[in-house]
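Please look over the sequence and the structure shown below before reading on. The report that comes after them is meant for a reader who has not met this structure before.

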Amino acid sequence: GINVLLMKVVAYSVREFEKEFVARANQKQHDITLISNSLSLETAVYAQGKEAVVVSTQDDLSEEVIDKLADLGIKYITTRSVSTDHIDRIAAGKRNIKLANVPSYSPAAVSEYTLMLALSLGRRIISTVNSSREFDFRIDQHIGFNFKGKTIGIVGLGAIGKATAMVFRSLGCKILGHDTSPVPDLDGIEEVSFEQLLEESDIISLHIPLTPETKHIINMHSISKMKNGVMLINTSRGGLIKSEDLIKALKTGKIGLLGLDGYEFEKDMFYSDHRADRIKDPIMEELLSFPNVIISPHQAFLTKEALQEIANLIIKNLDNWQAGRCSGKACVCADGCSKR
């Protein structure tokens with residue numbers, strides 16, 4: 001039968017390319033307004049008359065904004081990300097707003113991207129391509145190394161960490177893994193302490209959420225324990241790494257190769273064009289000046305398959321709420337899960 005109780009929803013920070021995926025997932029079930037503005041105190045007014053908002057990691061979900069949304073009658077917020085560190089969950093709980101995320105989507109997208117960054121660094125593909133474009137076909141500058149037999153340290157053994165371990169294992173790497181809680185089905189990953197992982201890994205890859213405990217987990221102190229010339233890859237949140245410590249470690253050669261798909265201060269930088277800015281972020285400028293560094297704007301998830309899966313899961317969260325059900329594994333309310 002026709003479901004007349006459409007949920008009225010506004011989605012913030014929607015980029016042009018996301019629209020078709022959302023439309024395909026929604027199938028005209030919910031009344032969703034898509035806007036390109038990011039959520040802020042000023043733009044919260046677009047939520048007037050809606051029940052739910054869909055947000056991204058670029059949106060402002062501080063206590064002030066959440067209070068404004070609650071005053072406008074918002075009961076539900078779902079973020080189209082795994083991470084929820086951009087949401088003041090306590091504030092939402094106080095105002096009885098239910099929260100949901102996308103618990104896990106396409107680990108393949110992020111693990112393949114992680115491998116691509118590592119191989120691109122290890123085989124110096126950026127400098128090779130740049131030279132070839134200029135018709136310089138000398139090969140002296142482009143000596144790389146085999147991954148076979150190297151030790152990879154995977155920090156965080158969730159779905160993405162495990163998928164990344166599998167991808168590197170297929171190259172013949174030895175895999176060390178570290179997680180704060182014991183992990184079942186390790187499938188060829190040797191679980192070690194964080195310290196041992198830092199000391200023994202040739203390549204370190206981060207796959208953990210950003211929490212008060214994990215903020216700046218990579219800093220001068222932890223870097224000092226790493227092998228000289230180590231390769232560091234981060235396809236998780238930028239705040240896991242203390243950026244100015246990276247620069248020091250690159251200068252001394254302690255970090256030999258660096259691949260970042262997130263940056264500590266990316267919030268108003270990533271996903272927009274800053275070519276014309278007179279003043280650019282000085283840390284980012286310095287990082288980009290090193291030839292042994294690759295930085296991409298938080299796009300490891302960016303595949304057609306992952307975008308469709310994210311859209312499907314967002315609609316599923318809305319469906320559950322509309323039916324008066326908890327959003328299950330996707331529930332990220334401060335006090336856990338409860339029915340409305």
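The text below goes through the sheet, some single residues, and the empty spaces in turn.

The model is a predicted one, in which local features need pLDDT of at least 70 and side-chain atom pairs count only at pLDDT 80 or more, while totals for chains, interfaces and linings use all residues. Residues are numbered from 1 along each chain as its sequence is written, and side-chain values use heavy atoms, with hydrogens and water left out.

## The open sheet

Helices (H or I, at least four residues) and strands (E, at least two) are DSSP runs that are numbered from the N terminus, and two strands pair if DSSP finds at least two bridges between them. An open sheet is formed by 7 strands in the order E8-E7-E6-E9-E10-E11-E12, with parallel pairing. Its edge strands, each of which pairs on one side only, are strand E8 (190-191) and strand E12 (293-295).

Within this sheet, strand E9 (residues 203-206) runs parallel to strand E10 (residues 230-234) and is joined to it by 4 bridges; serine 205 has isoleucine 233 in E10 as its bridge partner. E10 is in turn joined to E11 by 5 bridges, and these two strands also run parallel, with valine 230 standing opposite isoleucine 255 in E11. As for burial, a residue is called buried under 20% relative accessible area, exposed over 50%, and partly exposed in between (1.4 Å probe, protein chains only). By this rule E11 is mostly covered, since 6 of its 6 residues are buried.

Helix H6 (residues 159-169) lies across strand E6 (151-155), strand E7 (174-178) and E9, and runs at about 170° to E6. Such an angle is taken between N-to-C directions on a scale from 0 to 180 degrees, the axes being lines fitted to C-alpha atoms, for helices over the stretch in contact; contact itself means heavy atoms within 4.5 Å.

## Single residues

The table sets out where five residues are placed and how accessible they are.

| Residue | Place | Relative accessible area |
|---|---|---|
| Valine 9 | strand E1 (residues 8-11) | 0%, buried |
| Threonine 84 | loop between strand E4 (76-79) and helix H3 (89-94) | 12%, buried |
| Alanine 100 | strand E5 (residues 98-100) | 1%, buried |
| Arginine 124 | loop between helix H4 (107-122) and helix H5 (125-133) | 35%, partly exposed |
| Tyrosine 271 | loop between strand E11 (255-260) and helix H10 (282-288) | 31%, partly exposed |

When neighbours up to four places away in sequence are not counted, valine 9 touches His30, Asp31, Ile32, Thr33, Lys50, Ala52, Val54 and Leu318. Valine 9 is also 268 residues from aspartate 277 in sequence, and the two lie 34 Å apart in space, C-alpha to C-alpha.

Alanine 100, with neighbours within four places in sequence again left aside, is in contact with Ile77, Thr78, Thr79, Asn317, Trp321, Ser327, Ala330 and Val332. The C-alpha atoms of alanine 100 and glutamate 264 are separated by 24 Å, and the two residues are 164 residues apart along the chain. Threonine 84, under the exclusion of neighbours within four places, is in contact with Thr79, Arg89, Asn101 and Val332.

Two loop residues have a positive phi although neither is a glycine: the value is about 50° for arginine 124 and about 75° for tyrosine 271.

## Empty spaces

Rolling a probe the size of a water molecule over the atoms shows where empty space is left. On a 1 Å grid over the protein atoms alone, a cavity is a set of points where a 1.4 Å probe fits but cannot get out, whereas a pocket is an open set with protein on both sides within 12 Å along at least five of seven lines, and lining residues have an atom within 4 Å of a point. Grid points are joined across faces, edges and corners, and a volume is the space filled by probe spheres set on the points.

How many cavities of 30 Å³ or more does a search of the whole structure find? The search finds 1, and the largest cavity holds about 40 Å³ of space. Its lining consists of Asn234, Gly238, Ile241, Ser243, Leu246, Leu260, Gly262, Tyr263, Glu264 and Leu287.

The second largest pocket holds about 390 Å³ of space. Of the 22 residues that line this pocket, Asp85, His86, Leu210, Arg237 and Lys267 are the closest to its centre.
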